[in-house]
Amino acid sequence: MNDESIKRVKLYCLRSDGQWDEKGTGYVKVEANQNESRILVEREEKNEALGDVLLSVPVTLDDVYQIQQETLIVWNEPSLRQELSLSFEYAKGCRLVWSQIRRVQGHSSELSLSSEESEDDSINARKQELPRVDLPVVEPASLGAILQVLESVRPASKEGFVAQIQNEGYIDKLLAVFDDLENATDLEKLRQLFQIFRLLVMFNDLGLLQHLFSESRALTLVGILEYDPGVSARVDHRRFLTNVASFKEVVPLPGDVSSLVRQVYTVQYIRDTALARILDDFTFLTVNGIIASMHDQILRGLCSSEEFMKMLGSSLEGSQPLDTRAGAVRLCQEMVVMAKSLAPQPREQFFTTLGKGPAPVVPRLAEAMRCSEGRLLQNACDVLWQCAQLEPAFLREVLLSA
C-alpha cells in the first residue's frame with residue numbers, strides 16, 4: 001500500500017442544521033513551503049466542470065484540528081467559517097496527515113513524512129524542545145503570581161506549558177486549593193482562582209479540557225467558575241447539579257454508560273452556563289468536540305449491549321404500559337439527538353443498529369405512531385422525522401422491509 005492510497009478521504013462540511021454534507025472523495029496532502037502551507041484534497045475522479053480540487057485551505061497555527069476515532073480529522077476552517085471533516089479510509093493515512101499538520105504548526109523544517117509516524121511521539125518531541133517555566137508553589141498566597149505566569153505564556157509556548165503543568169500535576173494542586181478558600185470565604189483569592197482557570201480553559205488545549213471535565217474534577221471546576229467577578233450575583237451551579245438535576249433510567253443503562261451520561265450532562269451544563277460568557281468560538285468548538293466524543297462513546301456502549309437493546313425494543317411494544325412506552329420513546333429521542341453530532345461513519349453504524357439490531361427499534365417506533373395518546377404519538381413521530389433528516393435512505397429501507 002503506497003502513501004497515496006492510504007490518504008484517500010471523504011470530505012464533509014457541517015451545515016447550519018447540524019448535519020454533515022458529503023462533498024466528494026479524493027486524496028489529501030499537506031503542501032508545505034516557506035510562505036504558506038495548505039491542506040489540499042484532489043478529486044478521485046477528475047471533473048472538468050467542478051475542477052480537480054475539492055479543498056484547498058491554509059494550515060492555521062491555531063489549535064483548531066482534532067483527530068477522532070483514528071480515521072477522522074475535524075476542524076473549524078477560519079478561511080471558510082465552516083466546520084470540515086476528513087474521513088480517512090485507513091487509520092495509517094489519518095495519522096500520517098495529522099503528523100504533517102502538527103509539524104507545520106510547530107514550524108519544523110521536516111515538512112513531509114516518508115513513513116508512518118506515531119502522533120504522540122511527534123507531539124511529545126516538540127514539547128520536550130520547549131523551555132520549562134518556573135512555576136510558583138501552589139498555595140493561596142501564590143495565586144497572584146501564578147496568574148501572572150499564565151498571563152505571560154506566549155501562544156508559541158502554550159503547548160509545552162500545558163504539557164508541563166499536566167505532567168507535574170499542577171492543575172490538580174490548583175483544584176485542591178478551592179475548598180480551603182471557600183471555607184475561609186476568601187473572595188479575593190477565589191476570584192484569582194477563577195481567573196487562573198479561565199485562562200486554562202482559554203488555552204483551548206484538548207487534553208487539558210478533557211482533564212478538567214473528567215468526572216472527578218468537573219464539580220470542583222464549576223465551583224471555581226461560580227466566583228466570576230464579572231457576574232453581579234453568584235449562581236450556585238453545584239446545588240443545581242447535585243440537588244436539582246435528576247436522572248431517570250427508563251431502561252437500565254450499562255454501568256459505564258450511566259456514569260458517562262451524567263458526565264456529559266455536567267459538561268453541557270458548564271458550557272451553557274458557567275462558561276457561556278467566557279468561551280470564544282474556537283474553544284466553544286473544542287468543547288463541542290469533547291461532548292460529541294462522549295456522545296459517540298455513549299451510543300457505542302448502548303448499541304454494543306445486546307441486553308440493553310432488547311430491553312429498549314421490548315419497552316416499545318404495544319403490550320407495555322403507556323408510561324413505559326412513552327419513556328422508551330423519549331430515550332430514543334435523546335439517542336437520536338446525540339447521533340446528530342457524530343461524524344458520518346459512526347452515525348451510519350448507530351442507525352444500522354437502531355433499525356436492524358437484535359431488537360429493531362425503528363419498526364416499533366412506527367407502530368407507536370398508531371397510538372391514540374397525543375404525547376407518545378408526537379414523540380414517536382419526532383424520532384422518525386429526525387431519522388429521515390439524518391439518514392433518509394436508511395429509514396426508507398427499514399420501513400419497507402418491516
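**Entry 1: helix 13**

I started with helix 13, residues 306–315, and looked up its buried residues. I noted Phe308, Met309, Leu312, Gly313 and Ser315. I then checked how they sit around the axis. They cover an arc of only 160°, so they lie on the same side of helix 13. I should add that I am working with a predicted model.

**Entry 2: what covers that side**

Which helices help to cover the buried residues of helix 13? I found helix 12 (281–303) and helix 14 (322–339) among the cover. Helix 15 (344–356) and helix 16 (362–368) are also included.

**Entry 3: the whole protein**

I stepped back to the full protein. I counted 18 helices and seven strands. Its radius of gyration is 24 Å, and the globule rule gives 21 Å for 402 residues. The two values are close, so the protein is as compact as a globular protein of that length. I also looked up the span of the C-alpha trace. Along the principal axes it is about 65 × 65 × 35 Å.

**Entry 4: inside and contacts**

How much of the protein counts as buried? I got 49% of the 402 residues. Next I took the contacts with a separation of 6 or more. Residues 24 or more positions apart account for 59% of them.

**Entry 5: surface and charge**

I looked up the exposed area, which is about 19,900 Å². Carbon and sulfur atoms supply 46% of that area. Last, I turned to the charges. The protein has 42 positive and 58 negative charges. Their mean positions are 3 Å apart.

How values were computed. Residues numbered from 1 in each chain as written. Predicted model: local features only at pLDDT ≥ 70, side-chain atom pairs only at ≥ 80, totals over all residues. Heavy atoms only, no water. Helix = DSSP H or I, 4+ residues; strand = E, 2+ residues; numbered from the N terminus. Rg over C-alpha atoms; globule rule 2.2 N^0.38 Å. Buried < 20%, exposed > 50% of the residue type's maximum accessible area, 1.4 Å probe, protein only. Contact = heavy atoms within 4.5 Å. Areas by Shrake-Rupley, 256 points an atom, 1.4 Å probe, with all protein chains shown as cover. Lys, Arg positive; Asp, Glu negative; His and termini not counted. Charge placed at Lys NZ, Arg CZ, Asp CG, Glu CD. Arc of directions from axis to C-beta.
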